[in-house]
Amino acid sequence: MEIDKYYTVGIYDDDEVVLEAVKKLRAEGVKIFEVYSPFAVHGLDHALGYKRTRLPISAFLFGMTGTILALTMMFYMMGVDWPMNIGGKNFVALPPFIPVTFEMTILLSAFGMVGTFMVVADLKPFKKPRLFDPRCTHDKHVVAIDLAVNKLSKEEINKLFDETGASEIHDKNF
Amino acid sequence: MSEKQYNFDEKFIFSPAARKRLAVVGIIGIIITIIGVILIMNSESGHETSEQALRSTNADTSALLASSDPGTFAAGMSEEPIEGESHGSPTWLKRLYVSLWQNNIFFTGLAVIGVFFVAVQYAAQAGWSAGFKRVPEAMGYWLPVAGIIAVGLFFIAGKDIFHWTHTDLYVIGGPNFDPVINAKKGFFFWPADEHPGFPVFWFARMIIFFSVWYWFFIQIRKWSLREDVEGGSKPYFKMRSLSAIFLVVFAVTSSIAAWDWVMSIDTHWFSTMFGWYVFSSWWVAGLALITLIVVILKDEGLLSVVNANHLHDLGKFVFGFSIFWMYIWFSQYLLIYFANIPEESIYFIERISTHYKPVFYLNLILNFVFPFLLFMTRESKRHRIFLKIVAIIVLVGHWFDFYLMITPGTMQYDGGFGFIEIGVTMIFIAMFFYVVLTNLAKVPLIAKNHPLLEESLHHEI
């Protein structure tokens, strides 16, 4: 497999240090690819300047699809295709349809959200994971920087890593 | 994130101006109630004919109600449409009693939910709410007042509110004998089963519920105040065990209280969902009130420890439990709709096929549609103006929810929504807030020695 991605990776021991480092790096104009940490660091997403996820919008749209699908299905089945007398109620009555509609809304919004998330996060099956450092699941905070999108050279970024208190600096290419 | 300075010693000051405003609300309430009473008293002359006219316009419904009421059937009672009967009290007095009882149940709920909220936070070891826990705590002080009003009202107005208190219903072979209610008499009159007179069992339950709730409340409050002085973790653990016991006690007592105080009004009818239904209505209204008080305190420049993240959580609570209430409401409705047993479906016929119809739909719109749509987005839960609007909508909505539970069963066609209901509610609002705000002003607004206060300051979602 040929290499087409070049990263420089700074490894930090402490969550407070990495939070300050991220702020410093961004202030210097470095574009950070991603920070991997073993636990949630409060304020890190804010420091990285992430926009709020648009996942709720997709949830709403998938949910509405479920609502419409369930109601259309039941109206067609009970009203047109095969009307059945259940407990002497109207063939097309709203109250008994509500539970099914509710479940269908939840099912589609949940599946839709998971699917959307997987597509957006590039989590397809059999994908080889890009692991910058396995210790990011243990006790290290890993800051990965994509060199292709940064104006600063690798040396300059590494110097910044050093100044902000990184314990190790590595190259990582995929 | 930055080191913000908090004022842990701030106190809410119940200013004379605020007291005056509450007094004005109360006095206007009294005036409106008197106007309402006079209006109805005047319209009562020549009442017979107008009532007959009203009855005949509702003839279809009356026939339906009468035929679907097994008790009236069996006893061969006259054309009384719903399981009430004409009592000694004139309409205006009955309406006043019913309104007082309904408001008392509603505000009792708000008070006990204050205690319940604190207990839930302690049992779950929640840190986020540590900053404003004085607010739900202060709400609990209404409990003894509510208990006194409930006992007093029962002695004065019991016969007008509760159909089952009429002893002639239990005389076998008598003209008013009701086999359905007779079968339930043990629930009210035990141990005096043979000759029902005073409802010992029912009354004892009311006294026990109010005392037990109040006892748990003063215990929790006592330790909460000791924590301010002593510090350390002992008060916290003490409150946590008290809270856990209270939750178990409350699970049983709130359910039985709902049967006793609300469901027994429609004596023939029963619903296994009812305990949950009343609880969910109380709970979401109580959460809305906590939100409202917290937001108003923030508007006054107090509660610096509460930020948008805490408000967001309160908003989520109101949003989530509005949906929960709708879920419970629908669970009750769907089963009754589907089974279509006359003695069960009468409850909804009384409310949908009568002049209570607008309130029935208003209830669903105010308590579900509005909070659901208005609180859907994240930003609406983080802005005070939105929280204030939705909290008021939910409080009004659940007031109407209790109106709908209590009025049709007691007043039948004589019930309405007018000056009396508005006036009595204003009196209750004035009294309730007077008690709550007085007690809120007594101690510092922030529990500075709460072990989880630090966690609350850093709360971020």
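**Chain architecture, cores and local backbone features of a predicted two-chain model**

B:Gln412 is placed in the loop that connects α16 (384-411) with α17 (419-442) of chain B, where helices (H or I, at least four residues) and strands (E, at least two) are DSSP runs numbered from the N terminus. The model is a predicted one, in which local features need pLDDT of at least 70 and side-chain atom pairs count only at pLDDT 80 or more, while totals for chains, interfaces and linings use all residues. Residues are numbered from 1 along each chain as its sequence is written, and chains are lettered from A and ligands numbered from 1 in the order in which they are written.

B:Gln412 has a positive phi of about 50 degrees although it is not a glycine. With 22 other C-beta atoms within 10 Å, B:Gln412 is buried; a residue is termed buried if 20 or more other C-beta atoms lie within 10 Å of its own, exposed if 12 or fewer, and partly exposed in between, with C-beta atoms placed from the backbone. A positive phi, of about 65 degrees, is also found at A:Phe126, which is not a glycine. A:Phe126 belongs to the loop between α4 (94-120) and β3 (141-146) of chain A, and it counts as exposed, with 4 C-beta neighbours inside 10 Å. A further backbone feature is the cis peptide bond between B:Trp190 and B:Pro191, with omega about 5 degrees; B:Pro191 lies in the loop between α9 (185-189) and α10 of chain B. Most residues other than glycine have a negative phi, and most peptide bonds are trans.

Confidence was considered for the complex and for chain B. The predictor assigns the complex an ipTM of 0.80 and a pTM of 0.87. For chain B, the average pLDDT (the predictor's confidence in each residue, from 0 to 100) is 89, and 90% of the residues score at least 70. Over residues 46-86 of chain B, however, pLDDT stays under 50, and for this stretch the model has 52 contacts beyond four places in sequence, two residues being in contact if their C-beta atoms, placed from the backbone, lie within 7 Å.

Chain A comprises five helices and four strands, and from the N terminus on its elements follow the order β-α-β-α-α-α-β-α-β. The radius of gyration of chain A, taken over C-alpha atoms, is 25 Å, well over the 16 Å that the globule rule (2.2 Å times the number of residues to the power 0.38) gives for 174 residues, so the chain is more spread out than a compact globule. Along the principal axes, the C-alpha atoms of chain A fill a box of roughly 80 × 35 × 30 Å, and buried residues make up 17% of its 174 residues. The domain assignment, which comes from an automatic or database source, divides chain A into domain 1 (6-52 + 127-173) and domain 2 (55-120), with 44 Å between their centres, taken over C-alpha atoms. Where chain A meets chain B, six residues of chain A are in contact with seven residues of chain B. The chain A side of this interface divides into three nonpolar, three polar and no charged residues, with Ala, Val, Leu, Ile, Met, Phe, Trp, Tyr, Cys and Pro counted as nonpolar, Asp, Glu, Lys and Arg as charged, and the others, Gly among them, as polar.

Chain B is divided into domain 1 (16-44 + 92-162 + 199-457) and domain 2 (166-195), whose C-alpha centres lie 33 Å apart. Seven residues of domain 1 of chain B are in contact with nine residues of domain 2 of chain B, and helix α10 (residues 200-230) gives the most to the domain 1 side, with three residues.

The largest nonpolar core, defined as a set of buried Ala, Val, Leu, Ile, Met, Phe, Trp, Tyr and Cys residues joined through C-beta atoms within 7 Å, has 116 residues, and those with the most contacts inside it are B:Trp142, B:Ala288, B:Val318 and B:Val436. Helix α5 (residues 91-123) of chain B supplies the largest share of this core, 18 residues. Both domain 1 and domain 2 of chain B give residues to the core, so it lies between them. A second, separate core of 19 residues includes A:Ile11, A:Ala21, A:Ala47 and A:Phe161.

Beyond four places in sequence, the residues touched by B:Val318 include B:Val284, B:Leu287, B:Ala288 and B:Pro371. B:Pro371, in helix α15 (residues 357-374) of chain B, is buried, with 26 other C-beta atoms within 10 Å.
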